[in-house]
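Student: Please take me closely through a single part of this model, and explain what surrounds it.

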Amino acid sequence: MIFYIIKRLLSVLVTFFIVSLIVFLMMHSVPGGPFDGNDMPVSEAVRAKLMASLGLDQPLWVQYVNYMRGVLTLDFGVPFQAPGETVLSLLADAWPPSLLLGGLGVLIGAPLGILLGMAAALKRNSWIDYVASTLSTLGLTIPVFVISMLLILVFAVWLNWLPANGWGKPERWVLPIIAYAAIPLATYARYTRSAMLDVLHRPFVTALRAKGLSERRIIFQHVLRNAAIPMVTVFLPMFIGTATGSIFVEAMFRVPGLGSYFVSSISNRDYPLEMALVLMVTIATCIAYLISDIAYAWLNPRIRLGDD
Amino acid sequence: MAIDIATTKTTKPRGPLWFAWRRFVANKAAVVGGIVLLILCLAAIFAPLFTKGDPTAQDYLTQSLAFPSAEFLFGVDDLGRDFFTRIVFGARVSLSIGFAAATFSVLIGIPLGALAGYYGGKIDWLVMRVIELFSVVPSLLAAMLLGALTGGGYGTIIIVAALFGWVNVCLLVRAQVKSFREKEFVRAAQALGATPWYIIRRHLIPNSVSPIIVGFVLAIPLAMMLEASLSFLGIGVPPPTPSWGQMISSGINFVFFYWHMALFPTAALAITVLATTLFGDGLRDALDPTLKGR
């Protein structure tokens, strides 16, 4: 087990370096630089000085080594679009709205999805099964900005129940939270249904029924417990997925969060910010998968990690 | 004579395709999805015949932002272009990118999957590590970077979508090849001295047709979503080429007063992606019941 975790951590490190190298090279081969913009034209001499002060005049590999040296001490550099701050402080300011809305979305969507999936599995081929499978197909296929737009059209424009965008008052959070909740709800409805059906058909459930255990106790104490194992493993990767979801949700609902930086860092050639965002999401994804795998083995002793 | 027909009818051998067809037809959602997809494809191909023609022509500037009417089925957009024409021509962009990217995904995925499945060992390890790398990097962020790197545009999106679309095809083909590699007829071919390339081409790939078709069809909606997402963010298909993602992103600015600017591209994208996915899922369940989706 310990060996397995060490091995996986090493592979996370390798992935980190490969991804950072690829992203670094890609970013720097994008035509144009951070001071080519037309909104703030600078003379050739000033630009050279700016580039030198940011170390952009040095050979690429020197820049990469310097950058990675900083990353190891959690120094992600200074974002070009806000030179007075560091990348970390900029992201620290942007991150609460995203975490609040995305977190609430997952925390509301996941339990609802589990309930829906349970109902669908227990009442197979009933109307609730059809509702659950329709909702999960819709949630998993339709892009999140389409869902957001439909929410705005229905609840803000036609019914006029809720404000369409903005930040501050809690009623402005409702629609973005529903948009964030769509994917967890759909994922969990589908996973729970298939996991429950899988467990319900196992012989031990028949044995429990023959023993005369009440259906409720069979479902909650035995079936759900076994079905929960695969469900636990999708939670963290899905939670990380809200980070990329925020790009669209926050653009649609005008939320001042992390999302807008993903786009602005790329269009402004803001290398440090861009690099930090991509690396953070990648690392978070790797670690989420690792924790999920460990949790899976811990919950299900039949799995032995590191055998293959 | 009549008896003959009756007996031949009952004893007629049923091929696996016939059963697959029966399973597919029994799945109503998949049939509806397939019909909608077919209609959309026909609409995209014959777009000039039933629309006002050029989707970029600003012929109705005096009626800018007009609401839907008999003359303008979906209204007019902010730049004086007939919106119905733009939506229909948007299907061309979306579907052609979907099909082209799926084709390239299959072209990359088949050889890599076949090699990894047939040889196993080091090649398999390498292919699986590459796939692992692709699965931890968020595809959207990578696509955004690649889009910025190449300046966006139609061809770039196809390449980027294929770059992330081949993984599924590769995994499906690899699993199929792996399970067929140990079969007797492959052993026999090896014993007769057939080269690995011959065996892959003549035996293993033809036996992987079902997963290849499934991988192809399921890659289409993913590519269409990627195109729409990138165009929504302004780094996809550049204007004035009509793209639904682009129209949605400008529609959000008009949503309160000119709802048609927001509703129609949103509905078009949702319906297309949904129909394609339902069709693909149905095809997967019909062609290979063991792959049945979770």
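Tutor: The answer below begins with one helix of chain B, follows its neighbours, and ends with the other chain. The model is predicted: local features require pLDDT of at least 70 and side-chain atom pairs pLDDT 80 or more, whereas totals for chains, interfaces and linings use all residues. Residues are numbered from 1 along each chain as its sequence is written, with chains lettered from A and ligands numbered from 1 in the order written.

The part in question is helix H12 of chain B, residues 244–251 (helices are DSSP runs of H or I of at least four residues, strands runs of E of at least two, numbered from the N terminus). Seven of the eight residues of H12(B) are buried, so this helix is largely enclosed by the rest of the structure (buried: 20 or more other C-beta atoms, placed from the backbone, within 10 Å; exposed: 12 or fewer; partly exposed: in between). The buried set consists of Trp244(B), Gly245(B), Gln246(B), Met247(B), Ile248(B), Ser249(B) and Gly251(B). These residues pack against H5, H11 (209–232) and H13 (260–287) of chain B, and also against H6 of chain A.

Two of those neighbours, H11(B) and H13(B), pack against each other at an angle of about 165°, with their axes 9 Å apart (axes are fitted to C-alpha atoms, for helices over the stretch in contact; angles between N-to-C directions run from 0 to 180 degrees). H11(B) is therefore roughly antiparallel to H13(B) (under 35 degrees is roughly parallel, over 145 roughly antiparallel, 65 to 115 roughly perpendicular, the rest oblique). On the H11(B) side, the contact includes Ser210(B), Val214(B), Pro221(B) and Met224(B), and on the H13(B) side it includes Thr272(B), Phe279(B), Gly280(B) and Arg284(B) (contact: C-beta atoms, placed from the backbone, within 7 Å). By class, the residues of this contact comprise 14 nonpolar, five polar and one charged (Ala, Val, Leu, Ile, Met, Phe, Trp, Tyr, Cys and Pro are nonpolar; Asp, Glu, Lys and Arg charged; the others, Gly among them, polar).

A further neighbour, H5(B), spans residues 83–119 and contains Ile97(B). Ile97(B) counts as buried because it has 25 C-beta neighbours inside 10 Å. Beyond four places away in sequence, Ile97(B) touches Ile157(B), Ile158(B), Ala161(B), Ala223(B), Met224(B) and Glu227(B). Met224(B), one of these, also takes part in the contact of H11(B) with H13(B). Along H5(B), Ala116(B) is 19 residues from Ile97(B) in sequence and 28 Å away in space, C-alpha to C-alpha. Ala116(B) joins Leu112(B), Leu115(B) and Tyr119(B) in meeting Gly121(B), Ile123(B), Asp124(B) and Val127(B) of H6(B). The axes of H5(B) and H6(B) (residues 121–136) come within 7 Å and cross at roughly 140°, so these two helices are oblique to each other.

The packing of H12(B) against H6 of chain A leads to the other chain. The contact between the chains takes 33 residues from chain A and 30 from chain B. Helices H1, H5, H6, H7, H9, H10 and H11 of chain A each supply at least two residues of its side. That side has 24 nonpolar, eight polar and one charged residues. Chain A contains 11 helices and zero strands, and 34% of its 308 residues count as buried. Its mean pLDDT is 79, with 89% of residues at 70 or more (pLDDT is the predictor's confidence in each residue, from 0 to 100).

Conventions. Two residues are in contact if their C-beta atoms, placed from the backbone, lie within 7 Å.
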